[in-house]
Amino acid sequence: MASVRFTVTPTKAEDLPGLSDTSPDISSRSGARVRFGSRESVNRSDPLSEAWGGPATTAGGAQTPDHSSVEQGDGNSKISSVYINNTHGGDDDDFYDKNLALFEEEMDTRPKVSSLLNRLANYTNLTQGAREHEEAENIGEKKKAGKSPQMGTFMGVYLPCLQNIFGVILFLRLTWVVGNAGVLQGLCIVFICCCCTLLTAISMSAIATNGVVPAGGAYFMISRSLGPEFGGAVGLCFYLGTTFAGAMYILGAIEILLMYIAPKAAIFESRHPDGEGAAMLNNMRVYGSVCLLLMSLLVFVGVKYVNKLASIFLACVIVSIVSIYVGALVSAFKPPSFSVCMLGNRTISGHQLGDGQCSKTFLQQSDGPLEEADNFTMTNENGTMTPTFDPSLAPALLEKTTYIWEQFCQGPEVNASCDEYFLSNNFSRINAIPGLASGIISENLWSSYLSRGDVVEKRSLSSSRDAQPASIEQPYVFADVTTSFTLLVGIFFPSVTGIMAGSNRSGDLKDAQRSIPIGTILAIVTTSIVYLTSVVLFGACIDGVALRDKFGDSVNGQLVVGTLAWPSPWVIVIGSFFSTCGAGLQSLTGAPRLLQAIAKDNIIPFLRVFGHGKANGEPTWALLLTALIAELGILIASLDLVAPILTMFFLMCYLFVNLACGLQTLLRSPNWRPRFSYYHWTLSFLGMTICLALMFISSWYYAIAAMVIAGMIYKYIEYHGAEKEWGDGIRGLSLSAARYALLRLEEGPPHTKNWRPQVLVLLKLDEDAHVKSPRLLTFASQLKAGKGLTIVGTVVSGNFLQSYGEALAAEQTLKHLMDKERVKGFCQCIVAQKPREGISHMIQSSGLGGMKPNTVVMGWPHAWRQSEDPQAWKTFINTVRVTTAAHLALLVPKNISLFPSNSEPCAEGYIDVWWIVHDGGMLMLLPFLLRQHKVWRKCGMRIFTVAQMEDNSIQMKKDLATFLYHLRIEAEVEVVEMHDSDISAYTYERTLMMEQRSQMLRQMRLSKSDREKEENRGSSSSRTEAGGATRSQAQLVKDRNSMLRLTSIGSDDDDDTDGAERDRPTSAAGGGGGGGSAEHHRRVQMTWTKEKSSQHRAMHSGCSTPEGFRDMLSMRPDHSNVRRMHTAVKLNEVIVNKSHDARLVLLNMPGPPRNTEGDENYMEFLEVLTEGLERVLLVRGGGSEVITIYS
């Protein structure tokens, strides 16, 4: 025979007038172009070597009526087209790939993987069905030409977190916290707060690495994890906390300005000590309001200026902290000279030393002023200071009273009436900074809490207690608030907030899922070390009275931490001022954007206006509201009163971050796949407990107020929800919760993130009511791992009235099997006349409300060619069509008996995924779910995809690896190249055999009544002739079945025994078989005379005559069937080559043909596709996305 090579090029459908898929005379208008060469050897019998009719389109595009252009190795002989029934001759090669012909009918809804990956230029804008990201995708497409994010861990996360965590409390209040609480309790306060933020950072890292976190930071994470009610409530709390943080930073900056930089800039002054506090608050209000206005204008003008100043402010913070450490080390060798004046053990305010003398009296020469005398020193009457003047000059000196004498006595005279404590105690000076080597830490270890109005005292100094309590008018250093451990926790906690800075900048990071956990946790560890060492250094270097002096009155109004700094206190003063200003700007920048994100989600209607802004997206209205709320904090005017307020809001936010992570971990949602793996639900709940405890420890009434506010917001958002129902007892509560949950699920379609397989398992029972394939339920239990909805169903054939007992017995059988396999779910048994109808009814009616199955698991019809049940494969195909129409996913395990049981863990191996077309991501999700079960846990995952000639396989592999990285799925990636090879002789021969067998079965498909009448009226010779012809055909197609088996398969008993089914104009599966049904109708109504019987037999049983036999020998395979067989053969070769040793192979399941006449061919294609594979799972998506990269 000739050695030939041929390729198939279908032409455009519009080029062939009158061509349509439903045209009955397609063979006369074949549109294929065939070119033969000498590559493959095709052996044909003589009938196949004859001229084949049909027009063909030449290379030039013209049509020739009776022949096609042929290139042959020996010469240029002309033969006609190979294909007679080219129903898909109008397919476009650019769209329908020859290597993927099995999937071509659904390419519009299930695109090729290469087409999907080509669209993924920006993976943060991947179209995964999440509606809330559509705007972000559109914006991302416009900005695609812009600069890609390049910020790393250090610049993008670590430094911003440092800047936000270090703030005003470190410089203004940490020394005061250590002085009151002592070193030990100070370390405890710092440790508890740092543990709280560290545990929250671990939970936040898990959430932030579970997909892309757009703008909104903590609000986005909580709202998408716990729902809009919790998200809105906590988001507003976080917004209020950030806003009040801005007010706190501004108040801190004004306190530094008026106390330590420019005290004379105060507008309000009080001459009476009782009014000094009120005057100071008024100054804070005025200057704070002006500062807030200036900062708001700067933020309004442009955030870029704030970002430019951020590095300068951060540098100020770092320089200030370094100067503290250097000063502490220097103090060990040379302590700074800052003295504190003491009366007994009470601290005297340095502001009250008008003449700078810490004594009761001093000696002055009688003939000159004090500053002209050079041979005397000050002394006190009862003093401890020894005179150094010449005794011979004593008569020339006069004893004068000091300025401070007048503060305790009724006049400047030496004999004036004075305070008893003043008379009975002496003045002394102590060094405020004894130094690191002084051992002062032993005095500062223990707490020294004060009540409001108490004098700051040094316990180690002796004093006379026989005195009246100190008066506010006396020049002591007083405590302005009553201190306690709980109060100090509330004041200190804002100094550890700011851990969300990294997650808020995820869009600017090169690799957010790596940078956010590392940068945030490193920043918390760094700041925790700084705070803990600062507590120890402050206790070891600074005297207790200076530590307890909040505003530095004892050291002449110096900033207490500044006295320790090297080389000058001004380093700390200037650095802390600029750092607090920078932190205030950052808060005023972030809070409006958070409010804008909440407003744009439209979950709180009255906030909708704040979602609008300038043309460039800047939140103008949100900034205005933020400034007004911050003004309320500034009107409070006290740093110590504002700090606990924002502590409440931040703690509530952190509490829900931990709750979100803990619940996601316990629920084990399929979408919960954080790339950050160092988390556990126990850590999340520990962090949540610490947050809750700190809320009530710091201020129980603020905690209750914050919870009431959050609860009101929650109920406002939930206002449109289902009404409450109160039952009695636990069952009533369970029923109410179940009803409420079902109604909530009914409100809308589930989000992609919440998708999990809700499985309907279709099992078949034998005559003894035993399950035929119990491993099917075992596989379902491994897939579910005890989570989600599982419904196990079966169909009992018969009438419901007579078969009710059988249905109950079948239901009990299913329940026992479910108990044995430890599957938690429900069972459902339906009685129907036909199994296919029962399955259809079950798929339509299973479930309740939002708890409906979205995935069907059914077995493969084993040995369907020679099955004793000829309707098994027809029921299988009908179920595939029904699940597709219902938009349900379909899983078909093949060779289910070889799947492992729950007691047989798989050895180490691979689960191979062959991702050919994208149908919602089921192929990505299923291996992840299976590997959660102990049976498949040791198996790795490999993903193969197919590249065509026009695809860049190297780029496809990179894109696929990046896609899996964003999906947080660990898998090996391989792209298999399938070149446009010619259709082989084996493919052609196998297609021909398949079609000859199908044609024979169609011709044998007579109704039972027709066969009976034929047997009564037909002659014995015609029966003998028919039997001989049939045996010849069986031998021709090399079928292993006997003639009786073929006749059984060819008959359509179920379809013909039901009169209603016969009279129906269309087929039950909804396919295009109207002509066939009409023919059935005519056949049933026929009057069976002898002549008409012979005529009908000649018309419908062509295989029973020699002419029909010759027609079958001269059959030409259908064009589309050859292409589909080519796809199945080529894919099977590649899959067997790559995955022959895999523990499980997952494969896209092609859809059934739209024309029901090709159902037998469809089963043959699936058989060829899965030949040689031990365990196969055919997967068909439901048409919706089930996996997403978003958090």
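**Exercise 1. Backbone outliers in loops**

In which loop does Arg 968 lie? Place this residue in the predicted model, then treat His 887 and Pro 567 in turn.

Solution.

Step 1. Arg 968 belongs to the loop between helix H28 (953-966) and strand S19 (972-977). Its phi is positive, about 60°, although Arg 968 is not a glycine.

Step 2. Check the accessibility of Arg 968. The relative accessible area is 6%, and buried means under 20%, so Arg 968 is buried.

Step 3. Turn to His 887, another residue other than glycine with a positive phi, here near 60°. His 887 sits in the loop between helix H26 (872-885) and strand S16 (889-894). With 60% relative accessibility, His 887 counts as exposed, the cut-off being over 50%.

Step 4. Look at the peptide bond between Trp 566 and Pro 567. This bond is cis, with omega about 5°. Pro 567 is in the loop between helix H16 (560-564) and helix H17 (569-601).

**Exercise 2. Salt bridges across the chain and within a helix**

Take three salt bridges, those of Arg 346, Lys 550 and Lys 1130. For each, find the partner, the distance and the positions in the chain.

Solution.

Step 1. The model has 15 salt bridges. One of them pairs Arg 346 with Glu 457, whose closest N and O atoms are 3.8 Å apart. Arg 346 is in strand S8 (residues 346-347), while Glu 457 is in the loop between helix H12 (441-444) and helix H13 (485-492); the pair links distant parts of the chain, 111 residues apart.

Step 2. Compare the burial of these partners with the cut-offs. Arg 346 has 8% relative accessibility and counts as buried. Glu 457, with a relative accessible area of 23%, is partly exposed.

Step 3. Lys 550 forms a salt bridge with Asp 480, and here the closest N and O atoms are 3.0 Å apart. Lys 550 lies in the loop between helix H15 (544-547) and H16, and Asp 480 in the loop between H12 and H13, so the salt bridge ties together parts that are 70 residues apart in sequence. Lys 550 is buried at 6% relative accessibility; Asp 480 is partly exposed at 31%.

Step 4. Follow Asp 480 and Lys 550 further. Both belong to a network of salt bridges that also includes Arg 173, Glu 255 and Asp 640.

Step 5. Lys 1130 and Glu 1133 meet through their side chains in a salt bridge of 3.9 Å, N to O. These residues are three apart in helix H38 (residues 1119-1139), so about one helical turn separates them. Lys 1130 is partly exposed, with a relative accessible area of 22%, and Glu 1133 is partly exposed too, at 45%.

**Exercise 3. Covered helices**

How many of the ten residues of helix H23 are buried? Then describe the surroundings of Ala 810 in helix H24.

Solution.

Step 1. Helix H23 (residues 775-784) is mostly covered, with nine of its ten residues buried. Among them are Leu 776, Phe 779, Gln 782 and Lys 784.

Step 2. Ala 810 is part of helix H24 (residues 800-821). Its relative accessible area is 2%, so Ala 810 is buried.

Step 3. List the contacts, leaving out residues up to four places away in sequence. Ala 810 touches Leu 765, Thr 794, Val 796 and Cys 829. For Thr 794, which is 16 residues from Ala 810 along the chain, the C-alpha separation is 7.9 Å.

**Exercise 4. Surface patches**

Which residues form the nonpolar patch on the surface? Find the helices that supply this patch, then the members of a positive patch.

Solution.

Step 1. The nonpolar patch consists of Leu 692, Phe 696, Trp 700, Tyr 701, Ile 704, Met 707, Val 708 and Met 712, together about 800 Å² of accessible area.

Step 2. Assign the members to helices. Helix H20 (681-698) and helix H21 (700-717) each supply at least two residues. The largest share comes from H21, with six residues.

Step 3. Take Trp 700, in helix H21, as an example. With a relative accessible area of 55%, Trp 700 is exposed.

Step 4. A patch of positive charge on the surface gathers Arg 668, Arg 822, Lys 934 and Arg 937. Of these residues, Arg 937 is in the loop between helix H27 (922-930) and strand S18 (940-947).

Conventions
Residues are numbered from 1 along each chain as its sequence is written. This is a predicted model: local features need pLDDT of at least 70, side-chain atom pairs count only at pLDDT 80 or more; totals for chains, interfaces and linings use all residues. Side-chain values use heavy atoms; hydrogens and water are left out. Helices (H or I, at least four residues) and strands (E, at least two) are DSSP runs, numbered from the N terminus. Buried means under 20% relative accessible area, exposed over 50%, partly exposed in between (1.4 Å probe, protein chains only). A salt bridge is a side-chain nitrogen of Lys or Arg within 4 Å of a carboxyl oxygen of Asp or Glu. Patches are made of residues with over 30% relative accessible area and no salt bridge: like charges are joined within 9 Å, nonpolar side chains (Val, Leu, Ile, Met, Phe, Trp, Tyr) within 5 Å. Accessible areas come from the Shrake-Rupley method with a 1.4 Å probe; for residues, only the protein chains shown count as cover. Lys and Arg count as positive and Asp and Glu as negative; His and the chain ends are not counted. The place of a charge is taken as NZ of Lys, CZ of Arg, CG of Asp or CD of Glu. Contact means heavy atoms within 4.5 Å.
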